[in-house]
Structure formats: C-alpha cells, structure tokens
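Subject: Structure for you to look at

Hi,

Here is the structure I promised to pass on. Please open it alongside this message, and my notes follow below.

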Amino acid sequence: MRSKKQLSILLALLLIVALLIGCGPAAEEPTDEPVEEPAQAAEATAPPQEVPAAEPKVFRDGALLNQDLSGLDPQSEMSLAMYGVARNIYSTLVRLGYEGDLDIHPDLAETWDISDDGKIYTFHLRQGVKFHTGQEVTADDVKFTFERLYDPEMASPASMFGAFIVGVQDKLEGNATEVPGIKVVDKYTVEFTLSQPYGAFLAELVTPSLGILCQEEVEKWGADYLVHPSGTGPFMLNEWVRGEKLVLEANPDYYEGAPALDTVEIIIIEDEATGILKFENGELDVYGVPSADLDRLMADPKWKDQIISVPALDTYYFQLNNFSPPLDDVRVRKAIAHAIDRQAILDTIIKTGELAYTVLPPGMPCYNPDIAHYDYDPDTARDLLKEAGYEDGFTMKVLQRSQSDVVDAIVAQLAEVGITLEQEMVERSAFWDIVYKGQTDSYYLSWWADFGDPHNFFYYIWRSEPETEESKNMYVNAEVDELIDQAAVTTDPDERCQLYHQIEQIGIEQDAQRVWMWHLETQRIVQPWVKGFYLPPTDVTFYYPIDIESH
Amino acid sequence: MRTYIIRRILQMIPVFLLVTIIAFGLMNIVPGDPVVTMLGPRAASQKNMVERIRHEYGLDQPLIVQYVRFLSGVLHGDFGRSFFYHQPVLDLILERFPLTITLAILAMIVDLAIGIPAGTISALKQYSIWDYSGMIVALIGVSMPVFWLALLLQMLFAYQLGWLPVSGLSEGWRSLVLPAVTLGLVGSASTARMTRSCLLEVLRDDYVRTARAKGLAERLVIGRHVFRNALIPLVTMEAIGFGAYLTGVAFIEIVFGLPGVGKLLLDATFNRDLFLIQGDVIFTAFIFLSVNLIVDILYGFLDPRIRYQ
C-alpha cells in the first residue's frame with residue numbers, strides 16, 4: 001500500500017518535472033531567432049569629450065500595431081500598419097514630406113524627368129546607396145521590385161498601383177512574363193512608360209507598398225523574405241518577437257544622415273484599456289487616444305497638451321445599394337440623406353471631426369465643398385418618401401462587422417421618418433464576402449488615402465470597373481466612369497479638378513448614390529520628452545525626425 | 001495496470017479522429033472565403049489570382065481529397081502553412097507554446113495554493129465564519145469576468161504602485177506575475193468550492209468515523225484517508241482547468257500582451273487562416289486528450305477500483 005502511494009506521488013512529480021524541462025520557459029528571451037544584424041560601416045569619429053556615454057534613445061510606439069503583421073514584405077499586405085513599418089524600413093522612389101506635407105520629395109530617386117506627352121517618367125537614382133545588407137541599389141532592383149509586384153503568383157494586394165504602366169495588365173493576367181513599360185536604362189536610371197498621361201503617377205509612387213526591394217536578398221530568402229527584410233530606409237529590423245513587438249534599429253548609413261533615435265520598438269497592443277494605461281504609466285512614448293478616454297485626458301492638465309489631432313485624409317460614408325429597391329429610387333436615397341442628423345452623431349458619439357459633403361476630404365487637391373448639401377431635415381425626408389410612395393416607410397438592412405454606436409444612432413434617426421433599419425452583424429471575413437456580392441442594402445465604412453491625389457478616392461471607391469469592394473454592385477453610372485477615366489489621364493490640374501467636380505455633381509446632387517458622413521481626425525498622445533513627432537494626414541508616421549530628450 | 005493504460009491510449013484514437021473531422025468540417029461550413037480574406041478586400045476582385053491561390057493550396061479539390069491530404073499531413077507533423085504568417089503552422093504553435101505552458105503552470109500553482117487550503121479550512125470548519133466568508137469570496141471570484149479583474153490588478157499593481165509592468169514580456173518573470181495571478185485567482189475560486197464539497201462528502205463516510213474511533217490522530221485521519229479519496233473528483237476538475245490554461249486563455253493574452261497559443265487561434269479565426277485554425281484545433285484536442293490520459297493513469301494509482309473496470 002505505502003509503496004503504491006509513494007509511487008503515484010513520484011510519478012506525478014516526474015511528469016511535472018518532465019514538462020518543465022521539456023518546454024522551458026521563454027519569458028526571458030524572444031521566442032524567435034533574432035535576425036542577423038547586417039554589417040555596419042564604421043561610425044563617425046570625434047565625439048565631443050565632455051559628453052558622457054549617452055543612454056540609447058529608444059522610441060516605443062504602441063499606436064501602430066494592434067495585431068501582428070503577416071510579414072515585412074511591403075507587397076504582401078496593404079494596411080496602415082504595414083505602411084507604418086514599411087515607410088521606415090524601405091525607401092520609395094519619391095516620398096511625402098517628413099512633417100506631413102503632401103508635396104513630392106525625392107527619396108531613392110534624386111531627380112526625374114517627365115516627357116512632354118506625360119507618358120514617360122525617367123528616374124535618376126541616388127548613387128552609392130546601400131541596402132541594410134550591404135548591396136548597392138541599382139536600377140535592376142527597381143525593375144525587379146515592380147516586376148515582382150505584378151507577378152500573378154505574388155497575388156499582391158498592392159498590384160493595383162501603377163495600373164497605367166504599359167504591360168501591367170497583361171502580366172497580371174498571366175499573358176506576359178515581363179512588363180515592357182519598365183526599362184533599365186543604365187545602372188542608376190529607370191524609365192517608366194505609361195499607356196496614358198496619368199497625372200497621379202508620381203503621387204502613387206509614394207505609397208509604402210512600393211518600397212524598393214533588394215533583388216539579391218529576395219531571391220536568396222524566397223518565402224522567408226518576410227522575416228528577413230532588407231531596405232534602404234533610416235531604420236532596419238533588429239528583432240521581431242512574433243506577437244509581441246518589432247524592434248528596429250537606426251541605419252547609420254542612411255543617405256540623409258543617421259537618425260537621432262537608436263532604436264524604435266513597435267509594440268503590439270490589442271486592448272485599448274491596457275494601451276492607454278501603459279502609456280500613462282510611462283511604458284510607451286506614443287499611443288492613440290481611445291474615444292472613451294478622450295474627455296478625461298483633455299481635462300487632465302498633465303496630458304491635454306500632449307494630444308496631437310490632425311485632420312486626416314479620410315472620408316466616412318453610409319453606403320447605399322442603388323440596385324436594391326426601394327433604394328433604387330433617388331428620392332428614397334435623398335430622403336435617407338436628409339433623415340440622418342450627422343452633426344448630432346459627431347457631437348455626441350465621435351466628438352471630433354467635421355461633416356463631409358463629398359467624397360474628397362479637405363486637404364486633398366481638387367477638394368471642392370461647393371456642392372449641394374443634404375442637411376438634416378426630417379420633414380423634407382418624409383415628403384420625399386411620400387412622393388416616392390413610401391409614406392408608411394419601409395425596411396432595409398445594414399451590415400456590420402462589430403457593434404457601432406454610430407450605426408445604432410442611424411437606426412434611431414431613420415426610424416423617425418418611418419424607415420426600419422435592420423442590423424445584421426457578421427464577422428470580418430463574412431462581411432467582405434457579402435459586400436462583394438452586393439447582398440446587403442447598406443453599410444458604414446471609410447476610405448483612407450493611400451496617396452495625395454483625388455484619383456485614389458474616385459477610382460477606388462466610386463468607379464464601377466474594375467470591381468473593387470467599395471463600388472461593386474452598389475452603383476453604376478457609365479457617364480461617371482468615363483469622367484473618372486478621363487480625369488485620370490488629364491494633365492492640366494485645373495481641368496482635372498473641373499472633371500472631378502462634374503463627377504461630384506452627378507454622383508452627389510443628381511444620384512445621391514450614398515450618404516457622405518464625415519472626415520475624422522487622427523490622434524495621438526505623446527510623452528513630453530518626445531520631439532520631432534509629426535502626424536501627417538495620411539496617418540503614416542516617419543520615425544526619422546523623432547528625438548528623445550533625457551528625462 | 002498495463003492493459004488499463006494501453007486501453008486508455010487506444011480509446012484516444014477514435015476521439016482524435018472525430019475531432020479532426022469536426023475541425024475540418026466546420027471550417028468549410030463557415031462563411032467567408034479564406035483566400036478572399038487573405039488577399040484583402042481590395043485585391044479580391046482579381047479573379048485569376050484567387051483561382052491560382054485556391055489551386056496552389058488544393059482548395060479546389062473535392063472535400064474528401066482535401067481531408068485525406070490534411071489527415072496524412074497531420075500524421076507526418078505537417079500542418080501546412082499559415083496564409084497570414086506564411087510560416088509552417090506547427091512552428092507557429094510550438095513557438096508560442098513554451099510561454100503558454102509556463103503561464104499555465106504558474107497559474108495552476110496560484111490556483112492550488114490558494115484554492116485547496118481555502119476549501120479545506122471551509123470544509124473542516126463548516127458553518128463557521130471562515131466557511132461563510134470563504135465561500136462568499138469564492139462565489140464572487142467565480143462570477144467575476146476575468147478581463148475586469150485583470151484590468152483592476154493592472155491599475156493597482158502596475159499603474160498605482162508601479163511594482164509590475166502593465167503588459168508585454170519585456171521584464172522577464174515579472175511580466176508573468178499579473179497574468180498568472182489573475183488566472184489563478186479566478187481558478188482558485190472554483191478549486192476552493194470544489195475542494196470543500198469533495199472533502200465534506202468524504203468526511204461523512206463511515207470509514208472516517210471508524211478511523212477516528214480507532215483513535216487515529218485527526219491529522220492522520222484527514223491527511224491519509226480523507227484527502228486521498230476526496231482528490232479524485234478534484235483532480236478531474238483541475239485537469240480540465242489545466243487543459244484550458246494550456247490551450248491558452250485568449251482574454252488574458254490579449255489584455256496582457258502575451259503572444260500565446262490562445263491569441264494565435266483567435267487571430268487565425270478572424271483572418272480565416274484555414275490551416276492555422278485546423279492545426280490549432282488539432283493541437284488543442286491533443287493536449288486535452290493527453291492531459292486526460294495522464295489523469296486517468298493517475299486515477300489508476302489513486303483508486304485501485306478504477307483500473308479493474
């Protein structure tokens with residue numbers, strides 16, 4: 001008896017010990033192998049003698065990632081999160097300003113020429129720029145980057161950029177293996193030929209998805225390139241603890257000079273309550289401002305000056321399915337537009353931002369607020385419904401991915417004029433499936449600019465061909481499509497803006513194809529010891545100008 | 001004893017197979033095309049690409065063929081590649097498992113260290129102030145939402161007192177204190193209640209009275225007889241609880257920023273990361289089955305009656 005009892009205790013202990021030995025705790029070290037650090041050039045000499053060894057300057061960003069990235073290949077994923085990292089690890093041919101202006105600045109391309117007919121762009125690359133892994137950047141890398149982007153096997157979501165380059169569509173559809181519109185002229189010169197004089201081409205090239213890749217490294221690593229990125233940006237990957245954080249270190253050879261920061265830690269934070277707590281505890285240097293905490297932080301003298309709010313290049317809208325009766329009647333659509341009290345929602349629920357009257361946000365070239373407004377007017381709404389034969393109202397559906405106070409408010413407001421809005425909640429994947437097939441009546445969504453040109457809005461969320469998510473099956477107007485295409489290839493900026501305004505008049509005043517809701521700001525809260533932090537309207541931050549004061 | 005163990009292991013196999021069928025089947029019923037989700041809404045309009053990827057992953061084959069491929073892969077330890085992370089599924093799971101198991105063990109220690117003594121005192125001093133207060137606290141613990149407790153503890157120990165980090169893994173063992181305590185505290189509530197009721201039941205039994213009548217010291221009565229017999233249902237419950245900890249508690253991982261197995265599965269579900277979901281479900285099933293197997297074997301030692309069934 002006694003020995004059996006001792007045996008069972010011994011067995012239990014052995015099992016526990018075996019478990020502990022077999023799977024050692026990983027809390028102390030990162031669970032991923034650290035990426036090999038590339039060879040670094042000798043640091044600049046002659047520091048002043050009086051300055052003692054400085055503490056390394058570490059910038060901890062909690063705002064960028066609320067879930068892990070799939071990889072550090074900018075062509076594999078298109079999201080603000082990917083943009084934020086890719087912008088700092090890679091360089092594009094041209095970029096936006098560090099301080100948030102929408103002007104085109106040279107990046108990897110030092111200068112460029114545009115032919116008179118607006119179809120040929122010749123870029124002259126900086127010479128002597130090295131990738132983080134040591135290879136020099138040449139025009140071959142540029143061509144390789146774009147060829148890879150349009151490779152149908154890559155299935156890159158970013159392949160929608162550069163659509164006007166000659167031969168891109170053929171390659172994407174598998175009818176060609178090369179894009180003739182991209183030509184290597186010599187070691188530092190690349191030429192892009194467009195099928196049409198597309199005015200927004202330069203603007204598109206700033207998109208971080210188009211970061212220039214190192215051909216040698218990509219070919220060497222193959223599928224594993226995702227975790228072995230090599231770019232020419234001011235920061236490079238030092239360590240990636242999957243699911244926890246991304247650690248970037250300064251690139252001392254960056255062609256515009258080494259950055260002030262030594263390290264950037266991008267920490268993945270899924271829960272807002274935890275995030276703001278971490279920030280207030282001093283564990284983060286920047287974080288977003290959860291709407292639940294906005295009032296409290298604005299009232300707190302310690303934090304109110306540390307909140308940065310910038311009007312962002314975004315537009316939120318309540319999409320209507322123009323094919324689904326009774327929404328196919330323009331009077332009904334106008335009635336809905338008049339029935340929603342947007343200002344009230346903005347004031348009580350969202351608390352920041354401004355009303356939208358059109359598809360473009362202020363700050364975008366060709367922004368023109370001179371368009372008919374659909375002000376809150378429930379009486380007019382009821383009249384219009386009566387005229388359309390829906391005096392007693394009707395029922396329609398709204399599709400949601402998650403609970404939303406905004407949608408709840410719309411439900412209540414539409415009920416006032418007799419429209420019953422049935423809420424249908426599905427989760428993310430199913431949501432896109434249903435929207436893509438046009439199987440719902442409405443949804444509330446937004447579009448954030450990828451680059452600073454109106455084409456980015458009109459083409460992707462308004463045009464009905466090619467079938468992108470936001471416009472498929474919800475609205476088709478051949479005249480509008482034609483005008484959008486025409487505007488894309490018009491080189492005279494005034495003429496372009498006129499065309500876009502014409503489109504707005506048709507789509508908004510005549511067709512009332514959806515309800516434009518508002519433009520929201522993007523916000524961050526920053527620790528007082530952080531200097532040089534700029535929040536651009538694209539919501540993509542450069543880490544390069546940031547500096548940390550001792551504290 | 002040996003036949004008992006072998007029999008139990010063999011019984012695992014049909015259960016395991018059933019789980020693989022369910023895991024595979026569920027993913028094919030749920031709406032939301034994995035390829036569309038992977039490509040993201042903007043690119044899903046390029047139909048050629050979608051077809052190509054479906055073919056590459058064998059998603060265009062009949063379901064039976066897909067299942068057989070899947071099963072043979074599992075038996076070879078090949079769970080396929082994650083759509084989202086582009087890494088082999090097994091690697092992803094094993095990368096995160098050490099953290100999850102460490103947390104599970106720590107939480108279990110806290111759980112048992114608080115729960116068993118509390119439940120024992122309640123049972124031995126039944127109807128006393130200790131009993132009532134203990135059980136009320138336990139009731140609160142069982143009813144409390146885990147993430148709320150987590151936030152409370154974060155605010156107190158990290159923010160107000162500054163003793164521990166709010167979240168993340170950056171401070172070594174200190175990063176695990178709050179998550180383990182949070183999980184353990186909530187678990188200890190059920191442990192305490194269970195311990196109490198198991199002990200009470202056994203305390204009423206005749207052989208306990210006999211032992212006391214024999215003149216055996218109370219300490220030995222409790223330690224040698226009562227406890228060992230009360231252990232059996234308790235061990236069952238703790239095993240299930242430990243299994244749950246091992247498969248990762250997603251709430252805790254999210255709130256405390258720990259890259260564990262639970263969050264991996266949650267993210268995979270939202271991303272419609274087909275192979276990762278299937279792999280994780282299989283893995284979870286395997287863990288539970290193994291833990292239960294070990295527990296059943298332990299039973300065999302604890303209670304001789306069981307192994308002769």
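Chain B has 13 helices and 0 strands, so you will see one α after another when you follow its pattern along the sequence. Please keep in mind that this is a predicted model. Along the principal axes, the C-alpha atoms of chain B fill a box of roughly 85 × 55 × 30 Å. Of its 309 residues, 41% count as buried. Among the contacts in chain B with a separation of 6 or more, 71% are between residues 24 or more positions apart.

In chain A, I looked at helix H3, which covers residues 139-149. Its buried residues are Ala139(A), Asp141(A), Val142(A), Phe144(A), Thr145(A), Phe146(A) and Leu149(A). What do they pack against? The partners in chain A are strand E5 (120-125), strand E6 (182-186), strand E7 (189-193) and helix H6 (215-221).

The other spot to visit in chain A is Asp539(A), in the loop between strand E20 (530-531) and strand E21 (547-548). Is Asp539(A) buried or exposed? Asp539(A) counts as buried because 22 other C-beta atoms lie within 10 Å, and the cut-off for buried is 20 or more. Leaving aside neighbours within four places in sequence, Asp539(A) is in contact with Leu80(A), Ala312(A), Trp448(A) and Thr522(A). Ser464(A) is 75 residues from Asp539(A) along the chain, and their C-alpha atoms are separated by 27 Å.

Happy to talk it through whenever suits you.

Best wishes

Conventions. Residues numbered from 1 in each chain as written. Chains lettered and ligands numbered in written order. Predicted model: local features only at pLDDT ≥ 70, side-chain atom pairs only at ≥ 80, totals over all residues. Helix = DSSP H or I, 4+ residues; strand = E, 2+ residues; numbered from the N terminus. Buried ≥ 20, exposed ≤ 12 C-beta atoms within 10 Å, placed from the backbone. Contact = placed C-beta atoms within 7 Å.
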